[in-house]
Each structure stands twice: as C-alpha cells, then as structure tokens.
Amino acid sequence: MFFINSIILLALVSGYIGVRLLPALALDATQLAAGALVLCLSLLLAPGTVFARRLRRPWLARVWAWGGSLALGWISFLLLLTLLREIVLAIATLGWPGDAATVQSLSAMAVPALAALAVLVGLVMVLQVPRIRDVRIPLPELPTDLEGFTIVQISDLHVGNTLRRGYVE
C-alpha cells in the first residue's frame, strides 16, 4: 500500500509540475508532448530505487537504481523550484516592476534548468571520494594503556543500490 500511495503522490506531483510549467513555456504540440514524456519517464524511473534489488541482472539493477535516484532527485528539485516559482509569480501579480508574462515564461524555463543543474551538482558530489579527517583530541586524564587508541567515526555515507561497498572501502 505504501508503494501504491508513493506512486500516486509522485504522479500528482508530476502532474502539478507539468500543469504549472509546460503551458508557460509556449511550446508547440511536439515539444509539449516531449515535456510531458520526460515527466512520465521520470515518474516511471523513480521506483527504480526500490525495485532495483529484485532484478536478476546486477548491471541492469545498478542502471535502474541510478536512473531512479536521479529521477527522484530531479522531481524533488522540480517540485521545490515550482513552489518557489509560485511565490515569485504571486509577487509579480502584486506589481512586479516589469512584464508579468516575461516573468512567467523565464521562470518556467529556469525551473527545469536549475533542477537539472542541482541534480548534476549532487551527482558530482556523490561521486567524489569520501573525505577522511584525522583529528587528534588531547585528553590529559587518559589512562596510559589507552594512549594511541584510535576511534573511527563514519558518518553520512548512503551505501545502497547506487553507492557500493567498494566506494566505502
């Protein structure tokens, strides 16, 4: 039931994004269909983050997991930026010093571009080698048999379908 509710929510979010952005882009019918298709493909890829483990071919599971993660990130950024665009448009209708139609068109173009840029930046950050910091903390009252003792803290590594064991090693 959770999965079905998640898909319904993603479909509603994608529909909202499409209804709010696509008409403002002044696209012809072919471009409009392509935009709707991209949103639908993103919606279909998103479950890849959940179902990739069930695939028997590891390479296909990795591709679907990566595609699903990227699609889910893109949809998330699209939603956030579309909501921010709504605020900008509300301000524009209250007397923005300029043409409201231009603000509507430019902001509709900016949303998918900024969402794609955010996903690309996130992808680059994820693929970087994890940082290792050596921090020495002097403890004056430490018993002598614990001198030289090392504690390792690993934090914020999201290992799963996309980042594998080798990345952590």
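**Group meeting talk: a walk around a six-helix chain**

Let's start with one residue: Ala26 has 69% relative accessibility, so Ala26 counts as exposed. Exposed here means over 50% relative accessible area, buried means under 20%, and partly exposed is what lies in between, using a 1.4 Å probe and the protein chains only. Ala26 sits in the loop between α1 and α2. Its phi is near 55°, which is a positive value in a residue other than glycine.

Before I go on, some housekeeping. This is a predicted model, where local features need pLDDT of at least 70 and side-chain atom pairs count only at pLDDT 80 or more, while totals for chains, interfaces and linings use all residues. Residues are numbered from 1 along each chain as its sequence is written, and side-chain values use heavy atoms, with hydrogens and water left out.

Okay, the overall picture. What does the secondary structure come to? Six helices and zero strands. Read from the N terminus on, that is α-α-α-α-α-α. Helices are DSSP runs of H or I with at least four residues, strands are runs of E with at least two, and the numbering starts at the N terminus.

Now the dimensions. The C-alpha atoms fill a box of roughly 75 × 50 × 30 Å, taken along the principal axes. The radius of gyration is 23 Å, whereas a compact globule of 169 residues would be near 15 Å. That radius is taken over C-alpha atoms, and the globule rule is 2.2 Å times the number of residues to the power 0.38. Of the 169 residues, 22% count as buried. The chain exposes about 12,500 Å², with carbon and sulfur atoms supplying 68% of that. Those areas come from the Shrake-Rupley method with a 1.4 Å probe, and for residues only the protein chains shown count as cover.

What about contacts? Contact means heavy atoms within 4.5 Å. Take the contacts between residues at least 6 apart in sequence: 69% of them join residues at least 24 apart.

That brings me to the inside. The largest nonpolar core has 17 residues, and the ones that touch the most other members are Ile17, Leu21, Leu39, Trp74 and Leu78. The elements giving two or more residues to this core are α1 (2-21), α2 (29-45), α4 (58-93) and α5. A nonpolar core, by the way, is a set of buried Ala, Val, Leu, Ile, Met, Phe, Trp, Tyr and Cys residues joined through side-chain atoms within 4.5 Å. Which residues does Leu39 contact, leaving aside neighbours within four places in sequence? Ser14, Ile17, Gly18, Leu22, Trp74 and Leu78.

Next, charges. Side chains of opposite charge can pair when their charged atoms come close. The rule for a salt bridge is a side-chain nitrogen of Lys or Arg within 4 Å of a carboxyl oxygen of Asp or Glu, and the count comes to two. In one, the side chains of Arg20 and Glu86 meet at 2.5 Å, N to O. This pair links distant parts of the chain, with Arg20 in helix α1, Glu86 in helix α4, and their positions 66 residues apart. Both partners are partly exposed: Arg20 because its relative accessibility is 31%, Glu86 because its relative accessible area is 21%. The other bridge joins Asp134 and Arg136, with the closest N and O atoms 3.4 Å apart. Here Asp134 is at 61% relative accessibility and so counts as exposed, and Arg136, at 70%, counts as exposed too.

On the surface, look at Val135, Ile137, Leu139, Leu142, Leu146, Phe149 and Ile151. These form a nonpolar patch with about 750 Å² of accessible area together. Patches take residues with over 30% relative accessible area and no salt bridge, joining like charges within 9 Å and nonpolar side chains (Val, Leu, Ile, Met, Phe, Trp, Tyr) within 5 Å. One of the members, Leu142, lies in the loop between α5 (100-127) and α6 (165-168), and its 31% relative accessibility is why Leu142 counts as partly exposed.

Last stop: Leu25, back in the loop between α1 and α2. Is Leu25 buried or exposed? Partly exposed, because its relative accessibility is 21%. Not counting residues up to four places away in sequence, Leu25 touches Ser105, Ala108 and Met109. And from Leu25 to Pro140, 115 residues away in sequence, the C-alpha to C-alpha distance is 66 Å.

That's my tour, thanks for listening.
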